[in-house]
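Below are some notes on the model, set out as numbered points. They cover a few local sites, a helix pair and the aromatic residues.

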Amino acid sequence: MRTLLSLSVAVLVGLLMTRVAKPLKLPSVTAYLVAGVLIGPYCLGLLGIQGLGFPTRQDVESLSLISDVALGFIAFSIGSEFRLSELKKTGRQAFVIGVLQALAATFLVDLALIVVCLITKGKLSIAQAITLGAIATATAPAATLMVVRQYKAKGALTDILLPVVALDDAVGLIVFAVSFGIARAMNDGTYNLVSIALEPVLEIVLSLVLGALMGVLFNWIERFFESNSRRLSISITFVMLTVALSKLSFTLGGIHISFSTLLVCMMMSTVFCNICEFSGEIMEKTNKWTQPLFVLFFVLSGAELELGVFSDIAIVGIGLVYIIFRSAGKMAGAAVGSRITKCPEEVVKYLGVTLLPQAGVALGMSITAMSMPNGGELIRNIALFSVLIYELAGPL
């Protein structure tokens, strides 16, 4: 009962906050995140009243299943943007921009934090700096998609934005795996080419293969049903099934095999939308069904934000450097990539700022970084600080 009450309160407070945000012309995503902070461990949760807030982070983390499913549906929505007819127009541009903005963010953060290493003499190591530089690649697809939906945005900027955000996940996985592998080698004194080069490539390839297979199977089974309600039910079932399969993780011949939930669900949606003639109708109905789920996802994300990181001056200082140089890298990389590929002027000017939100993928990377024997905790805290700032300011 307490869980149901907490979830009901979370959705209700989130929706009520949009009424406050509307006169201020703030995006709904920001309202949901603020609502999460209000009912989280640092505000209403302090009262310790079960059901009327989340007293501890463990209470929020216990609902991680909801976040996993929501991310699956977010990736499913973004994947529908990869129709072959559209990719012929924007595919090359999205690829060039996606790679350049990710690498520019990594390079500038690496450079800035290495300077911080030299100045602080011990507070931050070079291994930690290059790991944070890799985390800088990640962009939050959820916040981006929700803002685009709220304002029903259409045009050249939106057409290029969603493919770039989708590609960002693949680029980020490779950059993080290589950088983190080097960082661990600097700590341990041993280099493992399998974990640095092979495993991240395998994760991306296998995620795309699994997603493609699920897309073909989804299309085949969907044809056995004609009523709208049953087709919607099958769609929801397949997204949840795909999320579950993407959580598989095992070791084969000394090589760790895992999948990216975002990539698997995006690929399933991409294949389905390109081979199913009634995919547009199904996507529209699925998007309407998922709205309450997304509200809950962002409220829980807000409740999970770690406000305690403000108590450490060092984390705030390093975090601000990270935020400034990641933002500069994203904007500069997007602008240069847009110019190279001859995008319209509004894309050159504004694409960079739309890539600033950062959340789930970055936090996932920071959790992996926790395994670093020396300094994993600091990396996690700096990532938490940056996510707090980016999630509240990014959608705006």
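1. A residue counts as exposed when its relative accessible area is over 50%, and as buried when that area is under 20%. By this rule, both Trp220 and Phe224 are exposed. Please keep in mind that this is a predicted model.

2. Trp220 and Phe224 also form an aromatic pair, edge-to-face, with 5.1 Å from centre to centre and 85° between the planes. The structure holds 6 aromatic pairs. Another of them joins Phe297 and Phe298, again edge-to-face, with a centre-to-centre distance of 5.0 Å and 75° between the planes. Phe297 and Phe298 are both buried.

3. Which residues form one aromatic cluster? The members are Phe76, Phe218, Phe238 and Phe272. Phe218 comes up again in the next point, since Ser235 touches it.

4. Ser235 sits in helix H10, which spans residues 228–246. Is Ser235 buried or exposed? It is buried, because its relative accessible area is 0%, and the cut-off for buried is under 20%. Leaving aside residues up to four places away in sequence, Ser235 touches Phe218, Glu222, Ile282 and Thr286. A polar atom of the Ser235 side chain lies 2.8 Å from the backbone oxygen of Arg231. As for distance across the model, the C-alpha atoms of Ser235 and Leu118 are separated by 53 Å, with the two positions 117 residues apart along the chain.

5. Helix H6 (residues 126–135) packs with helix H17 (residues 376–393) at an angle of about 35°, and their axes are 10 Å apart. The crossing of H6 and H17 is right-handed. On the H6 side the contact is made by Gln128, Thr131, Leu132 and Ile135, and on the H17 side by Leu378, Ile379 and Ile382. What is the make-up of the contact of H6 with H17? Its residues divide into 5 nonpolar and 2 polar, with no charged.

6. Thr139 belongs to the loop between H6 and helix H7 (141–150). Thr139 counts as buried because its relative accessibility is 4%, against a limit of under 20%. The Thr139 side chain makes a polar contact with the side chain of Lys330, at 3.0 Å. Not counting residues up to four places away in sequence, Thr139 touches Thr144, Val165, Asp168, Arg326, Lys330, Leu355 and Pro357. Lys330 is thus named both in the polar contact and among the residues that Thr139 touches.

Notes:
Residues are numbered from 1 along each chain as its sequence is written. This is a predicted model: local features need pLDDT of at least 70, side-chain atom pairs count only at pLDDT 80 or more; totals for chains, interfaces and linings use all residues. Side-chain values use heavy atoms; hydrogens and water are left out. Helices (H or I, at least four residues) and strands (E, at least two) are DSSP runs, numbered from the N terminus. Buried means under 20% relative accessible area, exposed over 50%, partly exposed in between (1.4 Å probe, protein chains only). Contact means heavy atoms within 4.5 Å. A polar contact is a pair of N or O atoms within 3.5 Å; within protein, one must be able to donate a hydrogen and the other to accept it, and residues adjacent in sequence count only if both atoms are side-chain atoms. Axes are lines fitted to C-alpha atoms, for helices over the stretch in contact, and angles run from 0 to 180 degrees between N-to-C directions. A crossing is left-handed if the near helix is turned anticlockwise from the far one by less than a right angle, and right-handed if clockwise. Ala, Val, Leu, Ile, Met, Phe, Trp, Tyr, Cys and Pro count as nonpolar, Asp, Glu, Lys and Arg as charged, and the others, Gly among them, as polar. Rings of Phe, Tyr and Trp (its six-membered ring) pair if their centres lie within 6.5 Å; planes under 30 degrees apart count as stacked, over 60 as edge-to-face and the rest as tilted.
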